[in-house]
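Student: Please take a close look at the loops with unusual backbone angles and at what surrounds them. I would like one connected account, with cut-offs stated.

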Amino acid sequence: MTAVVKLENIHKVYDSGEVKVHAVRGVSLELAPGGFMALMGASGSGKSTLMNLLGCLDRPTDGRYLLDGIDVSGLDRNELADIRNQKLGFVFQGYNLLARTTALENVELPMLYSKLRIPRGKLKERAARCLEIVGLGNRLEHFPSQLSGGQQQRAAIARALVNEPQVLLADEPTGNLDSKTSIEVMGVFQALNQQGITIIMVTHELDIARYCKRNVVLRDGQIVNDVAVSHPLNASEELQRLREAEAAVKL
Ligand code: ADP
Ligand code: MG
């Protein structure tokens, strides 16, 4: 199967006049459809830079990036924005939901920027369906402040899904969540991945990376480790285990 994401010897040099920072130094990477990759590495190793490149938010200084077979390395800003809307969904550590806007309206938002003209009714229907997928079917009219952190992140995942992306990019999606809620959110990602969505997520938590199928480690802008996780943890099983442990304590 052809790769959905293919990086060929990608470099990124930040050049602010006097100093040059060579943040990504010759990264090559292939991810097949249905992949689920954790991108790891110390602070400053180039994770965010690489995610920005993968997310078509920035262009490489050198090298080639094929996204779903399309060479995006030379596209201009507008073309990159189109590709982003068509093929990618983004999830952030801080959820980035609009505060005065309901869950449903937050999820509708990316469709308003889409080139496809979707009728108002359809828009609502599709947003509601995405919220159902992430288990928030009963929270459509809630504002972010009325949702827990885990629920806000799930609303953000629904928003990332609404344009039916091939790839989800998540930067520290569990960074603000407690460990049980983090596992719940990883369960949402695992369910989506099982349905065929390719996922790349930055995390510096080893525990969280074990829910992914592949772990890639960056150091000084280079890949220093790239391993398949032999037995990824299953979020539903881990949550069941936690519940049993809690019940045992209460007995
Ligand atoms: P990480 O996300 O792993 O912490 P980054 O990709 O943010 O790493 O940073 C990698 C390197 O690039 C660091 O040395 C950082 O200081 C530098 N860097 C990141 N963004 C910029 C920028 N916009 N301009 C100049 N240097 C940058
Ligand atoms: Mg970073």
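Tutor: Tyr95 sits in the loop between strand E6 (88-92) and H3, where helices (H or I, at least four residues) and strands (E, at least two) are DSSP runs numbered from the N terminus. This is a predicted model, in which local features need pLDDT of at least 70 and side-chain atom pairs count only at pLDDT 80 or more, while totals for chains, interfaces and linings use all residues. Residues are numbered from 1 along each chain as its sequence is written, chains are lettered from A and ligands numbered from 1 in the order in which they are written, and side-chain values use heavy atoms, leaving out hydrogens and water.

Tyr95 is not a glycine, yet its phi is positive, about 65°. Most residues other than glycine have a negative phi. Tyr95 counts as buried because its relative accessibility is 10%; buried means under 20% relative accessible area, exposed over 50%, and partly exposed in between (1.4 Å probe, protein chains only). Glu172, in the loop between E7 and helix H6 (179-194), also has a positive phi, of about 50°, although it is not a glycine. Glu172 is buried too, with a relative accessible area of 10%. A further positive phi, about 55°, belongs to Cys56, just after H1.

The loop of Tyr95 leads to helix H3 (residues 103-112), which is largely enclosed by the rest of the structure, because 7 of its 10 residues are buried. These are Ala103, Leu104, Asn106, Val107, Glu108, Pro110 and Met111. Their cover includes helix H4 (120-133) and H5. Asn163 lies in the loop between helix H5 (149-161) and strand E7 (167-171), and counts as buried because its relative accessibility is 15%. Beyond neighbours within four places in sequence, Asn163 is in contact (heavy atoms within 4.5 Å) with Asn85, Gln86, Pro110, Met111, Ser114 and Arg126. A polar atom of the Asn163 side chain is 3.3 Å from the backbone oxygen of Pro110.

Leu161, again leaving aside neighbours within four places, is in contact with Cys130, Ile133, Val134, Leu168, Leu192 and Ile197. Leu161 is among the residues with the most contacts inside the largest nonpolar core, which has 45 residues; such a core is a set of buried Ala, Val, Leu, Ile, Met, Phe, Trp, Tyr and Cys residues joined through side-chain atoms within 4.5 Å. A second, separate core has 28 residues, Leu39, Ile83, Val167 and Leu218 among them.

That leaves H1, the helix before Cys56. With 6 of its 8 residues buried, H1 is largely enclosed by the rest of the structure. The buried ones are Lys47, Thr49, Leu50, Met51, Leu53 and Leu54. H1 also gives the most to the shell around ligand 1, with 3 residues. The residues surrounding ligand 1 (a heavy atom within 4 Å) include Tyr14, Val21, Lys47, Ser48 and Thr49. Polar backbone atoms lie 3.2 Å from a ligand 1 oxygen in the case of Ser45 and 2.9 Å in the case of Ser48. For Gly44, a backbone N or O atom is 2.7 Å from an oxygen atom of ligand 1.

Terms used
Polar contact = N/O pair within 3.5 Å; in protein donor to acceptor, adjacent residues only side chain to side chain.
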